Amino acid sequence: MAVIRVAINGYGTIGKRVADAVAAQDDMEIVGVTKTSPSFGCDLAVRKGYPLYCTFDDSAKISAFAAEGYSCTGGLSDLLSACDIIIDCSPGKVGADNLAKYEAAGVKSIFQGGEKHSLTGLSYTSSANHQQNLGADCTRVVSCNTTGLSRTLMPLHNHCSEIGGISVNCVMIRRAADPGDSSKGPINAIKPVLKVPSHHGPDVMTVQPDIRINSLAVAVPTTIMHVHAMTVELPEGHGLTQDSILQMWHDSPRIIIMNGAKTRITTTAEVMELARDIGRTWGDLHEIFVWEDGVSLNENTLYYFQAIHQESDVIPENVDAIRALMNTEVEWEISVAKTDAAIAKFNNI
Ligand code: NAD
């Protein structure tokens, strides 16, 4: 089977991580990444050996790279002619312009969670709707929060869907900014999202419409991880116990369960230290972290906390989404296993 030629438009926080995860796979390769203008991010692309392109076709913008000592292969149109699929990792809300360019070039595309579902009419998480995305021209990998919600809710949904399904209320305690971001806040406040419910919970329904879910969100002054405080109503006759729920998550991919009291991993700071200790590149944690001792089942009501590494949980999902759109792997579990095994090699674990 031919190796899938993948391009990255927007080599920032998400783009540089997706590029490495794609390059680690044996069924795909990176044919180029874009930067809007010469900056320190270009050095990383050069070091990794990824051909560098300009986000725009403007010849003055392209030649600006050479003036700063970078070899720029061309503009976005040149990159589109060299790839089978493009992963749009641009900042949210610029997707519509970019999508028109991808469609004109006849290239499949994957957007990120900063874009609305309405842009693509199709969204993606590996465990929820891989098959629905098979062969599609365009999709959107849902946000880091929605990806995290799907990971732990999908096993519960699958167990309960025939007996009435699950209803979820959650509070998203969100990091204010990424570690490399100097422009966002708050730095000295807790900022509620006054649009109620927040978009995070309902966004799960773009990948699994049968999960009834609402969310509230607050931004807090931290740069490392989001925390979700979850309340899930299970249907009568669910037959689950606290232990069987933990086992269900244990058996599901991309979820880590640890006991806070025993490991002394009681905050997001220690979770991130764990990620660094086990040698994860950039200190990333692709998995959703669930505190075992924060899980409580009270009759039909399940409570738990989970932590989301916002910069990295969506990275393996992008790799699986490539296989879905290119129709090269029908089973999501097989794609996930392949993706994660290849990533584990470069993650030195
Ligand atoms: P970023 O700002 O770190 O990187 C975006 C990159 O795109 C930058 O290199 C920027 O120069 C470039 N760019 C600017 N305009 C562009 C254009 N018109 N076309 C192509 N590239 C352009 O942003 P990010 O954090 O990587 O976010 C990218 C997307 O991923 C957004 O939709 C965001 O909502 C989503 N996302 C971000 C996170 C996170 O925590 N950072 C998590 C999940 C999803």
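This passage describes the ligand site and the salt bridges of a predicted model.

The ligand is a natural place to start. Its shell is made up of 22 residues, and the closest of them are T13, I14, G114, D178 and Q310. Sorted by class, this shell comprises 12 polar, 6 nonpolar and 4 charged residues. Residues of the shell come both from domain 1 (4-142 + 314-346) and from domain 2 (144-308), so the ligand lies between the two domains.

Three side chains can be singled out for their polar atoms. In D178, an N or O atom of the side chain is 2.5 Å from a nitrogen atom of the ligand; D178 is also one of the closest residues named above. For N98, the distance from a side-chain N or O atom to a ligand nitrogen is 3.3 Å. K35 faces another kind of ligand atom, with a polar side-chain atom 3.4 Å from an oxygen. As for cover, the ligand taken alone exposes 820 Å², and the protein buries 79% of that.

Turning to the protein itself, the structure holds 17 salt bridges. One of them pairs R17 with D284, with 2.9 Å between the closest N and O atoms. R17 belongs to helix α1 (residues 13-23), whereas D284 sits in the loop between α12 (268-277) and β13 (288-291), so this salt bridge ties together parts that are 267 residues apart in sequence. R17 counts as buried because its relative accessibility is 5%, under the cut-off of 20%. D284 is likewise buried, with a relative accessible area of 5%.

A second salt bridge joins D26 to K338, whose closest N and O atoms are 2.8 Å apart. Here too, distant parts of the chain are linked: D26 lies in the loop between α1 and β2 (28-35) and K338 in helix α14 (residues 332-346), 312 residues apart. D26 is exposed, at 61% relative accessible area, while K338 counts as partly exposed at 32%.

D203 and R140 form a further salt bridge, again with 2.8 Å between the closest N and O atoms. Because D203 is in helix α9 (residues 200-203) and R140 in strand β7 (residues 138-141), the pair connects parts that are 63 residues apart in sequence. Both D203 and R140 are buried.

Finally, salt bridges also join up into a network, which links D27, R151, R254, E317, D320, R323 and D340.

Technical notes: Residues are numbered from 1 along each chain as its sequence is written. This is a predicted model: local features need pLDDT of at least 70, side-chain atom pairs count only at pLDDT 80 or more; totals for chains, interfaces and linings use all residues. Side-chain values use heavy atoms; hydrogens and water are left out. A residue is near a molecule or strand if one of its heavy atoms lies within 4 Å of it. A polar contact is a pair of N or O atoms within 3.5 Å; within protein, one must be able to donate a hydrogen and the other to accept it, and residues adjacent in sequence count only if both atoms are side-chain atoms. Accessible areas come from the Shrake-Rupley method with a 1.4 Å probe; for residues, only the protein chains shown count as cover. Ala, Val, Leu, Ile, Met, Phe, Trp, Tyr, Cys and Pro count as nonpolar, Asp, Glu, Lys and Arg as charged, and the others, Gly among them, as polar. Domain bounds come from an automatic or database domain assignment. A salt bridge is a side-chain nitrogen of Lys or Arg within 4 Å of a carboxyl oxygen of Asp or Glu. Helices (H or I, at least four residues) and strands (E, at least two) are DSSP runs, numbered from the N terminus. Buried means under 20% relative accessible area, exposed over 50%, partly exposed in between (1.4 Å probe, protein chains only).
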